[in-house]
Amino acid sequence: MVMPKYRIEVSFKQGVLDTEGEAAQSALKSLGFSVARVAFVKTYLLESNESKARVEEMCRVLLANEVIQDYSVQELS
């Protein structure tokens, strides 16, 4: 039996300081690259028999801090 796979992406909400993204943007600009914005996004790849709703619950409970972060869950085939 094939176990469902999910891609979870967690990023900072608009307006929250993203120091890693800003550092990368600054470094790229200093190297001569034209970059409007760089955002740090954490990606989790999850294999689980849990439903998508339960995976979203995992995000709310542990994987993302909803005060400062957004998350998205995508079911992979």
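These exercises work through the predicted model of one chain, from its elements to single residues.

Residues are numbered from 1 along each chain as its sequence is written. Local features need pLDDT of at least 70 and side-chain atom pairs count only at pLDDT 80 or more, while totals for chains, interfaces and linings use all residues; side-chain values use heavy atoms, without hydrogens and water.

**Exercise 1. State which elements the chain contains and how spread out it is.**

Step 1. The chain has two helices and three strands. Helices (H or I, at least four residues) and strands (E, at least two) are DSSP runs, numbered from the N terminus.

Step 2. Read from the N terminus, their order is β-α-β-α-β.

Step 3. The radius of gyration is 16 Å, well over the 11 Å that the globule rule gives for 77 residues, so the chain is more spread out than a compact globule. The radius is taken over C-alpha atoms, and the rule is 2.2 Å times the number of residues to the power 0.38.

Step 4. The C-alpha trace spans about 50 × 25 × 15 Å along its principal axes.

**Exercise 2. Check the length of helix H1 against its number of residues.**

Step 1. Helix H1 covers residues 19-30, which is 12 residues. The expected span is 1.5 Å times one less than the number of residues.

Step 2. That gives 16 Å, and the end C-alpha atoms of H1 are 16 Å apart, so the two agree.

Step 3. After H1 comes Gly32, with a positive phi near 95 degrees.

**Exercise 3. Work out the strand order of the sheet and place helix H2 on it.**

Step 1. Strand S1 (residues 5-12) and strand S2 (residues 41-47) run antiparallel and are joined by seven bridges. Two strands pair if DSSP finds at least two bridges between them.

Step 2. S1 also pairs with S3, again antiparallel, over eight bridges.

Step 3. Arg7 shows both pairings: Leu45 stands opposite in S2, and Gln74 is the bridge partner in S3. Val10 has Tyr71 as its bridge partner in S3.

Step 4. The result is an open sheet of three strands in the order S2-S1-S3, with antiparallel pairing. S2 and S3 are the edge strands, each pairing on one side only.

Step 5. Helix H2 (residues 52-63) packs on this sheet and touches S1, S2 and S3. The direction of H2 makes about 150 degrees with that of S3. Axes are lines fitted to C-alpha atoms, for helices over the stretch in contact, and angles run from 0 to 180 degrees between N-to-C directions.

**Exercise 4. Decide whether Ile8 and Gln69 are buried or exposed, and list their contacts.**

Step 1. Buried means under 20% relative accessible area, exposed over 50%, and partly exposed in between (1.4 Å probe, protein chains only).

Step 2. Ile8, in strand S1, has 0% relative accessibility and therefore counts as buried.

Step 3. Leaving out residues up to four places away in sequence, Ile8 touches Lys42, Thr43, Tyr44, Leu46, Val55, Cys59, Leu63, Ser72 and Val73. Contact means heavy atoms within 4.5 Å.

Step 4. Gln69 lies in strand S3 (residues 69-76); at 17% relative accessibility, Gln69 counts as buried.

Step 5. With the sequence neighbours up to four places away left out, Gln69 touches Val10, Ser11, Phe12, Lys13, Leu63 and Ala64.

Step 6. For the whole chain, 18% of the 77 residues count as buried.
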